[in-house]
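User: Please take a close look at one strand of this model, at what lies around it, and at how that part fits with the rest of the chain.

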Amino acid sequence: MPHSQTSAPSGRVRIARGASPWLLPTVATAAISLARAGRSRRAAALAVPATALAAGMLWFFRDPEREIAQGRVISPADGVVQSIMPWKDGRTRVAIFMSPLNVHVNRAPLAGTVTSVEHVPGGFVPAFNKESENNERVVWHFDTELGDIEMIQIAGAVARRIVPYVPQGTKVEQGERIGLIRFGSRVDIYLPEGVDVAVEVGQTTTAGVTRIDRS
């Protein structure tokens, strides 16, 4: 399937869909405090932290264009490989930890059809903690050329909102944007039996760019 939507980097960095509830109030507060800073000491005192917070939000919710890599399975998330674990059913789970400094837009690891998008309530312990497996999460299943591929977006201690971009039944291209996790979090992808892992624990990954499987 061609990468018509994501393959041509333009140098632009847009703002992620789903950022508005966090971004708009901070930008509005910064703008108002800056406009009033010359007439009010209180507004002037607020202007500096408000502007810094707004700038931080703009950085956090950045969504850069990417040239999508070639490969059967590519990383769905920016972050660091936290663990690689054989599963009882023969699959291999690759867990990617996303810090607040990473881009938090997640991308489809393969081309295929979204067969399910399930929200599962849970806790909010830090995403690097083993207990995070019981956190709030969204479980994705894709029907692909490799069969069923499972991917899980996991909320962290700060990330308490996962925003899926596409519903069940959607056909997606490899590397297409499929959702956002607000603030630090984790993404797990399960490789089918017989598919070797190309990444290592501690390795940095880039969504849509880093290849996860080995030929």
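Analyst: The protein chain exposes about 10,400 Å², and carbon and sulfur atoms supply 57% of that area. The model is predicted, and every value here is computed from it. Of the 215 residues in the chain, 48% are buried. The secondary structure comprises 2 helices and 15 strands. Among contacts with a separation of 6 or more, 71% are between residues 24 or more positions apart.

The strand chosen for the close look is E4, residues 92-98. Of its 7 residues, 6 are buried, so E4 is largely enclosed by the rest of the structure.

E4 belongs to an open sheet of 8 strands, in the order E10-E6-E7-E8-E12-E4-E3-E14. The pairing in this sheet is antiparallel. In that order, E4 stands between E12 and E3. The edges are taken by E10 (171-172) and E14 (204-205). Each of these has a single partner strand, so one side of each is left without a neighbour in the sheet.

On one side, E4 is joined to E3 (residues 79-86) by 6 bridges, and the two run antiparallel. E3 and E4 form a hairpin, with 5 residues between them. Gly90 is in the turn and has a positive phi of about 100°. Within this pairing, Val80 has Phe97 of E4 as its bridge partner.

On the other side, 7 bridges join E4 to E12 (residues 185-191), again antiparallel. Phe97 also takes part here, standing opposite Arg186 in E12. Arg186 forms a salt bridge with Asp188, and their closest N and O atoms are 2.7 Å apart. Both Arg186 and Asp188 are buried, so this charged pair lies under the cut-off of 20% relative accessible area.

One step further along the sheet, E12 pairs with E8 in the antiparallel sense, over 6 bridges. In this pairing, Glu150 stands opposite Tyr190 of E12.

The nonpolar packing also involves E4. The largest nonpolar core has 35 residues, and Val94, Trp140, Phe142 and Ile178 touch the most other members. At least two residues of this core come from each of E4, E7 (137-144), E8 (147-155), E9 (162-164), E11 (177-181) and E12. A second, separate core has 5 residues, including Val120, Val139, Ile152 and Tyr190. Tyr190 is thus named twice: as a member of the second core, and as the residue of E12 opposite Glu150.

Ile178 has a broad set of partners. Leaving aside neighbours within four places in sequence, Ile178 is in contact with Trp140 and Phe142, both listed above, and with Asn106, Arg107, Ala108, Met151, Val163, Pro164, Tyr165, Val166 and Val172.

The salt bridge in E12 is one of 9 in the structure. Another joins the side chains of Asp63 and Arg14, at 3.3 Å from N to O. This pair links distant parts of the chain, with Asp63 in E2 (residues 62-64), Arg14 in E1, and their positions 49 residues apart. Asp63 is buried, at 2% relative accessible area, whereas Arg14 is partly exposed, at 34%. Asp63 and Arg14 are also part of a salt-bridge network with Glu65 and Arg177.

Arg72 and Asp213 also meet in a salt bridge through their side chains, at 2.9 Å from N to O. Here too, distant parts of the chain are linked: Arg72 lies in the loop between E2 and E3, Asp213 lies in E15 (residues 213-214), and the two are 141 residues apart. Arg72 is partly exposed, with a relative accessible area of 29%. Asp213 is buried, with a value of 1%.

At the surface, Ile15, Val27 and Leu58 make a nonpolar patch of about 220 Å². Ile15 is in E1, which covers residues 13-15. At 37% relative accessibility, Ile15 counts as partly exposed.

To return to E4: the strand has 6 of its 7 residues buried, pairs with E3 through 6 bridges and with E12 through 7, and supplies at least two residues to the largest nonpolar core. Phe97 appears in both pairings, as the bridge partner of Val80 and as the residue opposite Arg186.

Conventions:
Residues numbered from 1 in each chain as written. Predicted model: local features only at pLDDT ≥ 70, side-chain atom pairs only at ≥ 80, totals over all residues. Heavy atoms only, no water. Patch = residues over 30% accessible without salt bridge, like charges linked within 9 Å, V, L, I, M, F, W, Y side chains within 5 Å. Areas by Shrake-Rupley, 256 points an atom, 1.4 Å probe, with all protein chains shown as cover. Salt bridge = Lys/Arg side-chain N within 4 Å of Asp/Glu carboxyl O. Helix = DSSP H or I, 4+ residues; strand = E, 2+ residues; numbered from the N terminus. Buried < 20%, exposed > 50% of the residue type's maximum accessible area, 1.4 Å probe, protein only. Pairing = 2+ DSSP bridges. Core = buried A, V, L, I, M, F, W, Y, C linked by side-chain atoms within 4.5 Å. Contact = heavy atoms within 4.5 Å.
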